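I have a structure open and want to jot down what I look up as I go. Entries are short and in the order I made them.

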Amino acid sequence: MSARVLVGVKRVIDYAVKIRVKPDRTGVVTDGVKHSMNPFCEIAVEEAVKLKEKKLVKEVVAVSCGPQQVQETIRTALAMGADRGIHVEVSGKDYETLGPLQVSKILAALAKKEQADLIILGKQAIDDDCNQTGQMTAALLDWPQRSPEDGTFASEVNIEADKLKVVREIDGGLETIKINLPAVVTADLRLNTPRYATLPNIMKAKKKKIANVKPADLGVDVSSRLEVLKVDEPPQRQAGVKVETVHDLVGKLKEAGRI
Amino acid sequence: MAAAMALVRGVRFGSYSIGRSRSLIFNSLQRRGIAACVDPSIGLTDEQKEFQKVAFDFAANEMAPHMAEWDQKEIFPVEAMRKAAQLGFGGIYVNPDVGGSGLSRLDTSIIFEALSTGCVSTTAYISIHNMCAWMIDTFGNNEQREKFCPDLCSMQKFASYCLTEPGSGSDAASLLTSAKLQGDHYILNGSKAFISGGGDTDVYVVMCRTGEKGPKGISCVVVEKGTAGLSFGKKEKKVGWNSQPTRAVIFEDCAVPVTNRLGAEGEGFSIAMKGLNGGRINIASCSLGAAHASVLLARDHMCVRKQFGETLSNSQFLQFKLAEMATKLVASRLLVRQAAVALQEGRPDAVSLCSMAKLFVTDECFAICNQALQIHGGYGYLKDYAVQQYVRDIRVHQILEGNDFFCLIHVSEILYVKLLQI
């Protein structure tokens, strides 16, 4: 099989960090804060590497968009088994406003340039929770898109002949879907358990190449059509009120306009 | 953004936890700014950061959730250690041609420091195992390396280091276990005390007397479990290090083939001491990990515990105490890493630096963990809280692989010799 897989990986604030809003309310604090690969992207990389180990694909290419630091994230993907990386340089203001639309344009352009047969992405990123990039990329390329998860237990992703076979658990049992390649697949939490990078693989990853590319080279305009006006913390949790009778409860709910 | 914040703040990765459950320590690991000053990844190369990340992840997922159980039930976690070996932790500084990872002493220190946050006792055993594998790799001939190292690096087989005897601890050169040459075998008689892993491990690296009194009469042989005449004492009951069994190792007319001797006759003591240089860095690194985890646990407790109307984190005394602990942690870390670099570069000060590092770091880190326990108040004394296990587990680091007193003797000898030379 000569298939090439493109895997998108995003560098996000580590899931264990307590997020703080910047004092000027324009975003969250990212300086000096621990970052790591988006957990859904880890699962995407794991799935791609598994396909390579099953000899269903020939090459796994990890892609990330952002400033210099995203190279760390690409290196992690390489240490997990990706063959080479592509770093799309986006920095400063452009990076702050980078959203699913621009990323999907970049991925679509790269998919054509690299002649990828399959794109595997994380279903969503844990910083913006957009869940849009996979779908937009597929739309731009006019490829079918599937999440082998869709909120239920995923069993496997396989390539048979020129089709992608996806098995997923649904309420009634197991559903097997065949979709034409090339396609976009988005990975949800239960698809697999990402492997640890091994020490030898980390050392091998050092020798793997990461190519640098600018969005302009791909003919993509990264300016945003969205403007963030304000970022706020969720409202503080208020204490509850205890009531004596059901009658009081109904009264309070009516007062609050809930019923 | 709000949804993301709610999601991350109330981390309910129920499904994510199926593969990866993170321990409480790491959920609080990175409060903005504060962790930066004790961040163990500062100053490392990208590659070293990757090694450290794997070790931290492994510690958080595979070790920390079981740390208390392994301690209470005295379980030797063979499966978890074999998983670690699959990642390359079985022979970190052993040559790749026999299955090792071929990393430097500094890389090793970073890895053990990170692993130790998950379980000090298990990490300390893994470090002893690594030391034995390295000794065979470095001083063994090709047959010996190929016979023992691959299995040790994959942890198919486990190793123990046998130097100490009931009558010779710090005065290791006075050991009595004898090895008399008979034909093509050495016949071993004697006993070793306090052997980590003893009875449960497969390969024993034994220092024994083949020649005259003193260090020059000592040789190093590898004894395999199951050899006739090899038996073990009862499992010792210890204050900490409970995830590794400790037993006496007894030799009664135990016949060991001459082909199992590492290096030449009379080289055993030098081999043992060279192994210990690295061993001291490893043990000190384990202390670092425990201290790091304890500082973070103390900080978290201070942010939560209220007395006299405010959280402990508002008490200037405690703020300063924590700052002191953080300072000593960073100072210790720098010393250990310097010692590791000196050793891997073969610098003339390497041996003394290893002793100094062990002496200073094990003491300081124990004080840090102890202080962290104090900050927890009564809760610190309960086994439900991890800090007491860190304290118990690293207490022994001030004793073994170079007792504090011995390290002082060692360093002062070097100082006096140098002084006399002037």
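**Helix packing in chain B**

I started with one helix pair, keeping in mind that this is a predicted model. On the helix 6 side of chain B, I find Arg105(B), Leu106(B), Ser109(B), Ile110(B) and Glu113(B) in contact with Arg333(B), Val336(B), Arg337(B), Ala340(B), Val341(B), Leu343(B) and Gln344(B) of helix 10 of chain B. I sorted the residues of this contact by type and got six nonpolar, two polar and four charged. For the geometry, I noted an angle of about 145° between helix 6 (residues 105-116) and helix 10 (residues 316-345) of chain B, with the axes 7 Å apart.

**The annotated glutamate**

Next I checked UniProt, where an unreviewed entry lists Glu401(B) under "active site". I located Glu401(B) in the loop between helix 12 (387-395) and helix 13 (404-421) of chain B. Is Glu401(B) buried or exposed? I get a relative accessible area of 14%, so Glu401(B) is buried. Leaving out residues up to four places away in sequence, I see Glu401(B) touching Ile128(B), Met131(B), Leu276(B), Gly279(B), Arg280(B), Ile283(B) and Lys358(B).

**Nonpolar cores**

I then looked at the largest nonpolar core, which has 152 residues. Its members that touch the most other members are Leu118(A), Leu164(A), Phe89(B), Ile111(B), Ile136(B), Tyr161(B) and Met207(B). Helix 9 (residues 268-304) of chain B gives this core its largest share, 16 residues. I picked Ile111(B) for a closer look: beyond residues up to four places away in sequence, Ile111(B) touches Leu199(A), Phe51(B), Ala55(B), Phe89(B), Ile92(B) and Leu103(B). I also found a second, separate core of 26 residues, with Val88(A), Val90(A), Ile119(A) and Val222(A) among them.

**Backbone oddities**

I flagged a cis peptide bond from Leu181(A) to Pro182(A), with omega near -5°. Pro182(A) sits in the loop between strand 10 (173-180) and strand 11 (183-187) of chain A.

Asn131(A) is not a glycine, yet I read a positive phi of about 60° for it. I placed Asn131(A) in the loop between strand 6 (118-122) and helix 5 (133-141) of chain A, and its relative accessible area of 29% makes it partly exposed. Glu74(B), also not a glycine, has a positive phi of about 55°. I found Glu74(B) in the loop between helix 4 (67-73) and helix 5 (78-86) of chain B, partly exposed at 31%.

**Salt bridges**

How many salt bridges does a search of the whole structure find? I count 33 over all chains.

Lys123(A) and Asp188(A) pair through their side chains at 2.9 Å, N to O. They are 65 residues apart, and I note that the pair links distant parts of the chain. Both Lys123(A) and Asp188(A) are buried.

Glu47(B) bridges to Lys206(A), with the closest N and O atoms 3.4 Å apart. Glu47(B) is in helix 3 (residues 46-63) of chain B and Lys206(A) in helix 6 of chain A, so this pair joins two chains. I have Glu47(B) down as buried at 17% relative accessible area, but Lys206(A) as exposed at 51%.

Lys73(B) and Glu69(B) form a bridge too, at 3.3 Å between the closest N and O atoms. They are about one helical turn from each other, because they lie four residues apart in helix 4 of chain B.

Last, I noted a salt-bridge network linking Arg4(A), Glu59(A), Arg84(A) and Glu114(A).

Terms used
Residues numbered from 1 in each chain as written. Chains lettered and ligands numbered in written order. Predicted model: local features only at pLDDT ≥ 70, side-chain atom pairs only at ≥ 80, totals over all residues. Heavy atoms only, no water. Axes fitted to C-alpha atoms, helices over the stretch in contact; angles between N-to-C directions. Contact = heavy atoms within 4.5 Å. Nonpolar A, V, L, I, M, F, W, Y, C, P; charged D, E, K, R; others polar. UniProt positions renumbered as here; feature names shortened; annotations may be inferred. Buried < 20%, exposed > 50% of the residue type's maximum accessible area, 1.4 Å probe, protein only. Core = buried A, V, L, I, M, F, W, Y, C linked by side-chain atoms within 4.5 Å. Salt bridge = Lys/Arg side-chain N within 4 Å of Asp/Glu carboxyl O.
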